[in-house]
Amino acid sequence: MADLDLLTRSLARNVKRWRTERGFTLDMLAARAGVSRGMLIQIEQARTNPSIGTIVKIGDALGVSVPTLLDYERGPNVRIVPADRTVRLWQTERGSYSRLLTGTEALGPLEMWEWRLMPGESSDSDPHPEGTVELVHVTAGELTLTVDGEEHRVPAGASASFEANAPHVYGNAGDEPVEMIMTVSVPPVQ
């Protein structure tokens, strides 16, 4: 629970910091992120633990990565994220999860994720800002990747890339867990 409290406080501090730095009012950020003003107030006051979808939307709207919002420690040139410092931001009772491995600020946010999807489970994602690209590499099982309503099968050992400005779903229609590494590149805020 202490880790969750730390993340909630870090998120509160950093959302307010980046919102102020970008010159956004609460209403402006709410409109850009597609979340309510009330939710932003609760986040900035560390009174709520928002979903990963909400955190991603706010990061996209601010033009910063999820690790930046969660206040990861940064080194000058090389940053090592020990396994015990990665953050599991989504999980189900059956064992599916996504784990943020690392991220950085390139021209825009750049994040690397580890995912596990148990048989029969899926994770929906809202469209990201125009110019966002996602890369996935499946290491086990077969991923059912649905982008803008069109299904694509990605077996173990194969990779896929796509423009993520349309609704997309990561799913497992198979009998064994799907494991994959995903990278998300979001363009800088204009």
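So, W90 is buried, and W115 is buried too. Keep in mind that we're looking at a predicted model. How far apart are the ring centres of W90 and W115, and at what angle are their planes? The centres are 5.5 Å apart and the planes sit at 40 degrees, so we call this pair tilted. And where do the two residues lie? W90 is in strand β1, residues 87-91, while W115 is in strand β3, residues 109-117, so the pair ties together parts that are 25 residues apart in sequence.

Now, W115 has another partner. The rings of W115 and Y170 have their centres 5.3 Å apart and their planes at 45 degrees, so that pair is tilted as well. It links distant parts of the chain: Y170 is in strand β9, residues 168-171, and that's 55 residues from W115 in strand β3. Y170 is buried, just like W115. Put the ring pairs together and you get a cluster of W90, W115 and Y170. In total the structure holds two aromatic pairs.

There's one more ring to look at. The charged end of R88 sits over the ring of Y97, 3.9 Å from its centre.

Okay, let's move to two threonines. Which one is buried, and which one is partly exposed? T132 has 0% relative accessibility, so it counts as buried. You'll find T132 in the loop between β4 and β5. Its side chain reaches the backbone oxygen of P129 at 2.7 Å. Beyond its neighbours within four places in sequence, T132 is in contact with a whole list of residues, including F162, N165, V184 and P187.

T139, on the other hand, is partly exposed, with a relative accessible area of 46%. T139 belongs to strand β5, residues 133-140. Leaving out neighbours within four places in sequence, T139 touches A156, E179 and M180. Its C-alpha atom is 7.9 Å from that of A158, and those two are 19 residues apart along the chain.

Next, a helix. Which residues of α2, residues 26-33, are buried? They're L26, L29, A30 and A33. They cover an arc of only 100 degrees around the axis, which puts them on the same side of α2. Here's the general idea: an α-helix has 3.6 residues a turn, so residues three or four places apart point the same way. Right after α2 comes G34, with a positive phi, near 75 degrees.

Last, the whole protein. There are five helices and ten strands, and 44% of the 190 residues count as buried. Among contacts between residues at least 6 apart in sequence, 63% join residues at least 24 apart.

Note on methods
Residues are numbered from 1 along each chain as its sequence is written. This is a predicted model: local features need pLDDT of at least 70, side-chain atom pairs count only at pLDDT 80 or more; totals for chains, interfaces and linings use all residues. Side-chain values use heavy atoms; hydrogens and water are left out. Buried means under 20% relative accessible area, exposed over 50%, partly exposed in between (1.4 Å probe, protein chains only). Helices (H or I, at least four residues) and strands (E, at least two) are DSSP runs, numbered from the N terminus. The arc is that of the directions from the helix axis to the C-beta atoms. Contact means heavy atoms within 4.5 Å. A polar contact is a pair of N or O atoms within 3.5 Å; within protein, one must be able to donate a hydrogen and the other to accept it, and residues adjacent in sequence count only if both atoms are side-chain atoms. Rings of Phe, Tyr and Trp (its six-membered ring) pair if their centres lie within 6.5 Å; planes under 30 degrees apart count as stacked, over 60 as edge-to-face and the rest as tilted. A charge sits over a ring if NZ of Lys or CZ of Arg is within 6 Å of the ring centre and within 35 degrees of the ring normal.
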